[in-house]
Amino acid sequence: MYNSRRIISVFFLALLLPVVVPLTFDAGPTPDTLLIINAQLADGTGAPLVNGALRIHGNRIVSIGKLSPAPGDRVIDARGLVLAPGFIDTHNHSLEGLDSDPLAETQVAQGITTAIQGPDGESPWPIKDWIEARKQHPTALNLAVFAGHATIRGKVMGKDFKRVATPAEIETMAQLTWQAMNEGAIGLSSGLEYEVGSYSNTAELIAMARSAAEHGGIYSTHIRDEADKAFDALLEEIQIAEEAHIPVDHSHIKLGTVSVWGKAPEYIRVIEEARSRGVDFLADCYPYEAWHSNIKVIVPDKQYENPRSVRKALADLGGADHLTVTEFKPNASYAGHSLAEIAKANRVSPVEMYMRIIREGDASGMEAQVIGHSMVESDIKAFYQQPWVMVASDGGIGAAHPRGAGTFPRVLGRFVREKHWLTLTEAIRKMTALPAQRLGWKDLGILREGAYADLVLFDPATVIDRATFRKPQELPLGIEKVFVNGVLVWNDAKPTGATPGRVLTR
Ligand SMILES: [Zn+2]
């Protein structure tokens, strides 16, 4: 993505400037040069912190090291602060939020500078229209987009999706994947626990993933089961990666039911084996013991009104007090309460209450959104300590889960500073160079001369998340300044109003 023609035109523009406008111009830096001094530089690769300075010109980093201010430099003294590449969130749900909040306050406040849209199998369509619209209405964030498996499946099968696709339909889906890649998608995403995606077979996914791979795309997948059958689902994912020859990003790696709690070491062993065979496998993980989704995902056999299936589902979560309704349009009074509490208030069993919420939801066409407190810390810790695990939020603008406003500062504050699960520079690598490498972006996620000036300046002694399940939009502390393409987007604990984000493609 290094565009030398642009650099040259900027150079000539700089030569013309003094003629056009009355600026003083010496041989030194031009007025849009910014020097950040006395920073602890975390370059994104995981290398130790180095004290130094960094100079930005236009949208690029132009020099790094022992630099002193030159005439015309704007200078920021970053004493006590860490300067890192901007965080890249490979799993971000802000498609709708960006329209109402192009400054993306909860995202840039965390240090996110690039947010990948269209995960979990659902994307805008056509991809080229979305990209064009986003270019017309830029935001504070750099954006990129996956082509959604379920979105494409829905285009091909319409309402008749509750079955395996025919070979001809699969061929059409693969062609549409190809089209989306040509239009600028960065890969294929799937959400195989969700309604439309769940009816696909492995052959369909391989065909579409192969189509994405032929165009340099990756495969981001919310696998078929993150609970009792998490191991089967993982093996299917590895098979897709191997047969389609596609790099994988396993979305929000987790073990979400009682029967698989504590099995992270075995899960990791299966992945390590695949990696040693040459499967290009990375995962991302959000730093919470609770997930957020619709109420149906907990019943894998889809027997939502079968008391036996529902009883097992609730037991697998660890009980009805582990499921909290966050939003339910047909009966707003449920929101903020656990299933156990709602059942008690209605004087029915949790199983009966679950089935009632399903019926009320189906009648209105609106499913309840829920949070399930069903992961254990030891598994999250084990995943975070793997070098192939990235940090991603699975959140976004307006998220009902605190991960939407807390993910990146939470890892830095709690997992690095308080619990010592990983070093600061390794955590930063998981937020920057590793996702950039996954996406094939050489000039992002790294502090290097010539790289894009997407930067985060934060205080390692105070950085912390403050979003909670009751107040999911609460902004973090300790993120001092954020730059996107050389432009300050977050300063003095608020957005600056600038929208320098680009749309990134392969
Ligand atoms: Zn997901």
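This passage walks through a zinc site, two sheets and one buried glutamine in a predicted model.

Let's start with the metal. The zinc ion is held by protein donors from Asp120, His222 and His252, with Asp120 giving two OD atoms, His222 its ND1 and His252 its NE2. These donors sit 2.0 to 2.8 Å from the zinc ion. Along the chain, the donors are spaced as D-x101-H-x29-H. Asp120 comes from the loop between β7 (112-117) and α4 (127-136), while His222 belongs to strand β11 (residues 218-222), so this pair ties together parts that are 102 residues apart in sequence. As for the geometry, textbook values help: ideal angles for four tetrahedral donors are 109.5 degrees. Around this zinc ion, the angles between the four donor atoms run from 51 to 134°, and the arrangement is irregular because of that spread. Two of the zinc-binding residues can also be placed relative to the surface. Asp120 counts as buried because its relative accessible area is 8%, under the 20% cut-off. His222 is buried too, with a value of 4%.

Next come the sheets. In general, strands of a sheet pair through backbone hydrogen bonds, either parallel or antiparallel. Strand β11, the one carrying His222, is part of an open sheet of six strands, ordered β9-β10-β11-β12-β13-β17, with parallel pairing. At its edges are β9 (147-148) and β17 (389-391), each of which pairs on one side only. β17 runs parallel to strand β13 (residues 281-285), and three bridges join the two. Across this pairing, Asp284 stands opposite Met390 of β17.

The other sheet is antiparallel: it is open, has three strands and follows the order β14-β16-β15. β14 (290-294) and β15 (323-327) each have a single partner strand, so one side of each is left without a neighbour in the sheet. On average, neighbouring strands here are turned by 30° against each other, ignoring direction. Five bridges link β14 to strand β16 (residues 369-373) in the antiparallel sense, and His292 has Ile371 in β16 as its bridge partner.

Finally, there is Gln107, which is found in helix α3 (residues 105-108). Gln107 is buried, because its relative accessible area of 0% falls under the 20% cut-off. Its side chain reaches the backbone oxygen of Gly396 at 3.5 Å. Neighbours within four places in sequence aside, the contacts of Gln107 include Gly396 again, along with Asn92, Ser94, Ile112, Leu141, Ile397 and Gly404.

Methods. Residues are numbered from 1 along each chain as its sequence is written. This is a predicted model: local features need pLDDT of at least 70, side-chain atom pairs count only at pLDDT 80 or more; totals for chains, interfaces and linings use all residues. Side-chain values use heavy atoms; hydrogens and water are left out. Helices (H or I, at least four residues) and strands (E, at least two) are DSSP runs, numbered from the N terminus. Buried means under 20% relative accessible area, exposed over 50%, partly exposed in between (1.4 Å probe, protein chains only). A polar contact is a pair of N or O atoms within 3.5 Å; within protein, one must be able to donate a hydrogen and the other to accept it, and residues adjacent in sequence count only if both atoms are side-chain atoms. Contact means heavy atoms within 4.5 Å. Donors are N, O and S atoms within 2.8 Å of the metal (3.2 Å for Na, K and Ca); water is not among the atoms, so sites may look incomplete. Four donors count as tetrahedral if all angles lie between 85 and 135 degrees; four count as square planar and six as octahedral if opposite donors are over 155 degrees apart and all others between 65 and 115; anything else is irregular. Two strands pair if DSSP finds at least two bridges between them. Axes are lines fitted to C-alpha atoms, for helices over the stretch in contact, and angles run from 0 to 180 degrees between N-to-C directions.
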